[in-house]
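Reader: Hello! Could you take a close look at one part for me, the nonpolar core, and then follow the threads that lead out from there?

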Amino acid sequence: MSWVTKTLNSTLGRKLVMALTGLFLILFLTGHVSGNLLLFKGDGGRAFNEYAKFMTTNPAILILSYLTYISILGHVVYSILLTSYNKKARPINYAVNRPETNSSWSSRNMGILGTIILVFLVVHLQGFWAKMHWGDIPYVTYDGQEYKDLYSVVVFAFRQEWLVALYVIAMGFLAFHLSHGFASAFQTLGLNHRKYSPAIEMIGKIYAIGVPIIFASMPVYLYFTSLK
Amino acid sequence: MILDSKIPAGPLAEKWTKHKFNMKLVNPANKRKYDIIVVGTGLAGASAAASLAELGYNVKAFCFQDSPRRAHSIAAQGGINAAKNYQNDGDSIYRLFYDTVKGGDYRAREANVYRLAEVSVNIIDQCVAQGVPFAREYGGLLANRSFGGAQVSRTFYARGQTGQQLLLGAYSALSRQVANGKVKLYPRTEMMDVVKIDGKARGIITRNLVTGAIESHSAHAVLLCTGGYGNVFFLSTNAMGSNVTAAWRAHKKGAYFANPCFTQIHPTCIPVSGDHQSKLTLMSESLRNDGRVWVPATVELSEKLRKGEIKANDIKEDDRDYFLERKYPSFGNLVPRDVASRNAKYVCDEGRGVNETGEAVFLDFRDAIQRDGEDTIRSKYGNLFDMYQQITGDNPYQGPMMIYPAVHYTMGGLWVDYNLMTTVPGLYALGEANFSDHGANRLGASALMQGLADGYFVIPYTVGDYLAQNTIERISEDHPEFQRAEAEIKERVEKLIRIKGEKSVDHFHKRLGKIMWNYCGMARNSDGLSKAKTMIKELKEEFWTNVRVLGSAEELNLSLEKANRVADFIELGELMIDDALAREESCGGHFREEYQTEEGEALRDDENFAYVAAWKYLGEGKEEELNKEPLEFENVKLTQRSYK
Amino acid sequence: MDLTLKIWRQKNRADKGGFKEYKIGGISADMSFLEMLDVLNEDLSEKGEDPVHFDHDCREGICGMCSLHINGKPHGPQQTTTCQLHMRSFKDGDTISIEPWRASAFPILKDLVVDRSAFDRIIQAGGYVSVNTGGVPDANEIPIPKVMADEAFDAATCIGCGACVAACKNASAMLFTSAKISQLAMLPQGQVERKDRAEKMVAQMDAEGFGACTNTGACSAECPKGISLTNIARMNREYFSAVVSSNNV
């Protein structure tokens, strides 16, 4: 084995993959949430559609998007590897166990949270991302240029109460996942310092609550505007 | 046999240097042809095993615990002395030597103690190089404190966990040699016997504590680093597993046992709370720097306290007897360990003890807290106060602590010469297991020093000298002597299981402890000792007919392990009593009530008792033979200690 | 007080093992937890039953030999060692469950006794400074800032009991391993072998079959000596920088 594969197969190396992919996905989420704020613009979706076109055609963004796919894949594959490895380290569990007295629920259930988020992600990607890329989608024309009208797809989708509910609930899980994942990634990378770690913790908590709330507010907002 | 201490000739300060030069050396290429057994992995054992392996010898290291890092050296709190004179306060090798001989009440060998003081400075260098995190000043240099009433600051420390840090240092050096393949570790293995061939120690018999297998190990030399025997008292500050078995078996194979009655009773331990008590916990002696020791002035008040009718804080200042301050105005609460302990016993014997059992005195921080504030006291003693509260459930910031003396250290041990060799050639004893450096009383922060001095800096030279003069030939473990010893041990183990009596092992151990504590403890007298001797003989007989050991010999069996150890403790107890009876004087930890000054202080008899009492085992049921090694003092003047 | 004890009994490594229930009476609040088990064992001895085997030695919280998973927590309800846990933490009529540490790297030898020699092997992989006896510089030739010395000391107070492994949902030994790597990484004496040490100790830790870290913090919360999680971060840092810059291909 070369030193690279040896490192990536070590417990610390696997954790490194989880942390790096996790942090990249956090970066992606930040971009995603900022772009999607255009849904609130109230311009009939023009800005959002223009943004959507830019995101699917710009070559730089293309590279970033491939990195995102790799990150998702890496994050999932390595979490499966780690989980099965960790299970082997304790084949017989305690009959009586009170982990709630020494650690937070989300830190102990990142796997479950991640699985739920993954299921949501499949629904989410199928509903919008796949449609945008290969689906049957209406077109609009701004200033003589044709755009895929993703905005109407979104607006139409969020007229369905169950889907809105699903999104809101999923964002709740995302919040728990992030509440541990954010600071944990820094810890794994060894970025722990008595001066900066409290700030990282704080930013992590704000991020974990703020970003999912903004995301969740989008379907809710669209649903209520569709009622008018 | 005439005891030859092999002390080199010449001036005190040059003895060790000259001796090192005169010793024979083993050719570096030949070292790998020698095997050395080290029993015990505390400070002495781990440091010896590591140092010898570094030199190239093949070492086998044994311990009964699950890891070498558990040895009881780990529990030492206070610190380690060294004559570095980093504080520029007048310390020197000579002063450390002088203090140690005087503190030992002039019952230690001058040459050994001088060597100890001499190598003490190397110990600190060695430990720092290993990464031991000693306390430091803001400038980055090492910090020192004064300890146990010493007038210079020569104690190096790592908060209240110096023993732990030093042991982990030695353990790391040992681990490195395990990785190098020069040390083979045998944890959870107990030494059962020494094997002698042609009059020399050539191996040991062990019992694997997990499988019960009895095994032979052959070597060119055997080092016993097996600690002290304080657990003969059942209750002591020793670990539960600390035992005398290795030393005792060596004794029965011809190693003389020296000064067995010299035991140190530490004054500041947490008192016994009931019959269920399994061990005693020491609190650092530094507490006496600020705490004031007292009991109620009258028996009536003490009785009320014991019944719970009044609390300590209800007792008025005039009704408190600060007995140490009253009797020793100049040293007050800081009198040496033996004096403080004995006086606590006296007031409790008068009926003025303060807890339910009547065996406790107060150690009060009220005045210190008023004077310096609670925060200052917390910063000095916080961890000790917490420990006290954890164990007793009482808050020592609000009311006084209760303390009582407890057995802490045994100065006696296997007799060794200047080379640390016992009377059996090739068999060595290091650390607390030998008798050599502390005389009749050990000074604070000197135990760690001695363990490491023996292991790091003495034995690597002296073992080489022996090996160079002896055969390089290995002896097979199939040798009839090994076979015979194995068979004997198997028979002994089977015998213990076969008894199938009525009483548990602990039952006998507790009874032995009571006898020893009552008659051979802080104060001894001829009548009591004679009575105790009869009691122990009876106890021994009862043990071998009525002890109950459950389970089999071929498994992990705690009651069998204990039975094996307690059987040896009973025999040792008898020897301690013989020794205490024979030493008709008071010195250090040995206080014979018949021999005291008018003020009740220890009265030494240098004319008749300035010797090491080395006992020779003559066989089952026979009285042991007393051999005397006279102590000659050429450099220090013998004086009577006074702390008035 | 009267108690019901549910204790894991297992004859040897190969045995399947199972819980057995015992009633015990006359326990005083001043007893330590292990003294309570001593009483139980005396009772069992009287009845001719094999006593419950458990590891213990110093009984003052420093040797690290005692273990036990008590009522779902390593070393029981308080952040201390089992030997320092006292019965006043329980009340009359309580049922107490007692299990051994559970980890594949800590095989059970008998009842509550487990084999923790994996920890020794991790230290043997590099938890030392390679200096031979003698030939070292004067102690004061190596000045160390007090804060560093204190922090190294905090890491060095690990007693190797294994509560971190027992508490971790992944049975990870990161806190133990990182405490030693940290101590020596912070001190000048440890610099020479710094990279090698981090690589080798982590490799040994993995080889022993301990799990990975999920940063739950359970290890530190249950550590009787309060070893901090910052040590794990430091170990990660040491390890990553070692693998990218060392000469070990």
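Author: Happily! The largest nonpolar core has 324 residues, and those with the most contacts inside it are Leu223(B) and Phe33(C). A nonpolar core here is a set of buried Ala, Val, Leu, Ile, Met, Phe, Trp, Tyr and Cys residues joined through side-chain atoms within 4.5 Å. Buried means under 20% relative accessible area, exposed over 50%, and partly exposed in between (1.4 Å probe, protein chains only). Please keep in mind that this is a predicted model: local features need pLDDT of at least 70, side-chain atom pairs count only at pLDDT 80 or more, and totals for chains, interfaces and linings use all residues. Residues are numbered from 1 along each chain as its sequence is written, chains are lettered from A and ligands numbered from 1 in the order in which they are written, and side-chain values use heavy atoms, with hydrogens and water left out.

Let's start at Phe33(C). Leaving aside residues up to four places away in sequence, Phe33(C) touches Leu68(C), Ile70(C), Thr82(C), Leu85(C), His86(C), Met87(C), Phe90(C), Ile96(C) and Ile98(C), where contact means heavy atoms within 4.5 Å. There is also a second, separate core of 6 residues, including Phe234(B) and Cys269(B).

Chain C itself, with 249 residues, has 67% of them buried. Its secondary structure comes to 8 helices and 7 strands; helices (H or I, at least four residues) and strands (E, at least two) are DSSP runs, numbered from the N terminus. Among contacts in chain C between residues at least 6 apart in sequence, 69% join residues at least 24 apart. A charged residue is tucked in as well: Glu208(C), in the loop between helix 6 (194–207) and helix 7 (218–222) of chain C, is buried at a relative accessible area of 15%. Not counting residues up to four places away, Glu208(C) touches Ala105(C), Ala118(C), Arg121(C) and Ile122(C).

From chain C we can step across to chain B, where 74 residues of chain B are in contact with 75 residues of chain C. The area buried between the two chains is about 6,100 Å², and carbon and sulfur atoms give 51% of that; buried area is the accessible area (1.4 Å probe) that two parts lose on being put together, summed over both. The count between chain B and chain C is 7 salt bridges, a salt bridge being a side-chain nitrogen of Lys or Arg within 4 Å of a carboxyl oxygen of Asp or Glu. Asp66(B) and Arg116(C) form a salt bridge, with their closest N and O atoms 3.3 Å apart.

Chain B has charged pairs of its own. Glu585(B) forms a salt bridge with Arg107(B), the closest N and O atoms being 2.9 Å apart. Glu585(B) lies in the loop between helix 17 (558–582) and helix 18 (606–609) of chain B and Arg107(B) in the loop between helix 4 (93–103) and helix 5 of chain B, so this pair ties together parts that are 478 residues apart in sequence. Glu585(B) is buried at a relative accessible area of 0%, and Arg107(B) is buried at 1%. Glu585(B) also forms a salt bridge with Arg583(B), at 2.8 Å between the closest N and O atoms, and Arg583(B) is buried too. A network of salt bridges links Asp105(B), Arg107(B), Arg583(B), Glu585(B), Arg604(B) and Asp606(B).
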